[in-house]
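Ready for a few exercises? Take a look at the structure first, then work through the solutions step by step.

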Amino acid sequence: MKLTDVVSALSLETHAGEGKLERPVTGGIVSDLLSYVMGNARAGNLWVTIQVHPNIVGVADLLDLSAVVVAGGQEPEAATVAKAREHGIALLTTKMSAFTLVGKLHELGVA
Amino acid sequence: MLGGAYFLAGRAAADVKKRLADRGLAGEMVRRVVIATYEAEMNICIHAVSGEIEVIVEGGQVRMRAEDRGPGIADIEKALAPGFSTASAKARALGFGAGMGFANMQRCADTFAVCSAASDGTRVTMGFVPRPQEIAAGGST
């Protein structure tokens, strides 16, 4: 499944990385602990978190993740959006809670 | 790198990733080194006053040394236990300091050692050799 399919199906808001939406999503990971993501995410995974600081972009970039979705209506910091734009990382948001979002991702077939 | 500079943290790992990609190492091996670099870098950021990381690539193998000027580790055995952390509330609120850093380093590296004495800083050394599946994946090592 492509990132763009996930974005439209769940009405996610795109803050950065508009050019990366054609990427395939290889699976998902949900955590607010950066070391957990570092140790467990695979390239192309979509990461769901409520962290909003610029380090989330750094982690996504290092691991070559397909996207970071900030859930729960949290707004990413301006520096986070700027860094995501600079590095071409898809940064998405939703008002859905992380729990609801992950449920819907599963229904869509992201596993 | 500077302790407490969260906004800079991750730069060393990004730099290492960029440089290793040009050296013909297998992607999975680069990934291991990058994760370990990130964790070492975060430890310096969270705990130390300042520090440096040196990465040497030689004959398809990688050696890393992360050394800091900081409080040191009073009980290394305890510090290595997954989940143990002395990180500040600020670090934890940002999603760092979960006591997973050393575990990630040990899983990624093929050799791993920590030297430290209280109030004398910490030195972490790691070695990386290509693993069988990485050689099969076509790293030019």
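Below are four short exercises, each with a worked solution. This is a predicted model, where local features need pLDDT of at least 70, side-chain atom pairs count only at pLDDT 80 or more, and totals for chains, interfaces and linings use all residues. Residues are numbered from 1 along each chain as its sequence is written, while chains are lettered from A and ligands numbered from 1 in the order in which they are written.

**Exercise 1. Describe the build of chain B.**

Step 1: list the elements. Chain B has 6 helices and 4 strands, taken as DSSP runs numbered from the N terminus (helices are H or I, at least four residues; strands are E, at least two). From the N terminus on, the order is α-α-β-β-α-α-α-β-β-α.

Step 2: check the overall shape. Chain B is as compact as a globular protein of its length, because its radius of gyration is 15 Å, close to the 14 Å that the globule rule gives for 141 residues. That radius is taken over C-alpha atoms, and the rule is 2.2 Å times the number of residues to the power 0.38. The C-alpha trace spans about 45 × 30 × 25 Å along its principal axes.

**Exercise 2. Find out how α2 of chain B sits in the model.**

Step 1: get its length. The helix covers residues 27-47 and reaches 30 Å from its first C-alpha to its last.

Step 2: look at burial. Of the 21 residues in α2(B), 19 are buried, meaning that 20 or more other C-beta atoms, placed from the backbone, lie within 10 Å of a residue's own (12 or fewer is exposed, in between is partly exposed).

**Exercise 3. Work out which residues chain A brings to chain B.**

Step 1: count. The contact (C-beta atoms, placed from the backbone, within 7 Å) takes 14 residues from chain A and 19 residues from chain B.

Step 2: locate them. On the chain A side, α2 (34-40) and α3 (55-63) give two or more residues. The largest share, 5 residues, comes from α2(A).

**Exercise 4. Place B:Arg23.**

Step 1: find its spot. B:Arg23 is in the loop between α1 (11-21) and α2 of chain B.

Step 2: is B:Arg23 buried or exposed? Neither fully: B:Arg23 counts as partly exposed because it has 13 C-beta neighbours inside 10 Å.

Step 3: look across the chain. B:Gly60 is 37 residues away along the chain, yet the two C-alpha atoms are separated by 8.4 Å.

Notes:
Contact = placed C-beta atoms within 7 Å. Expected span 1.5 Å × (residues − 1).
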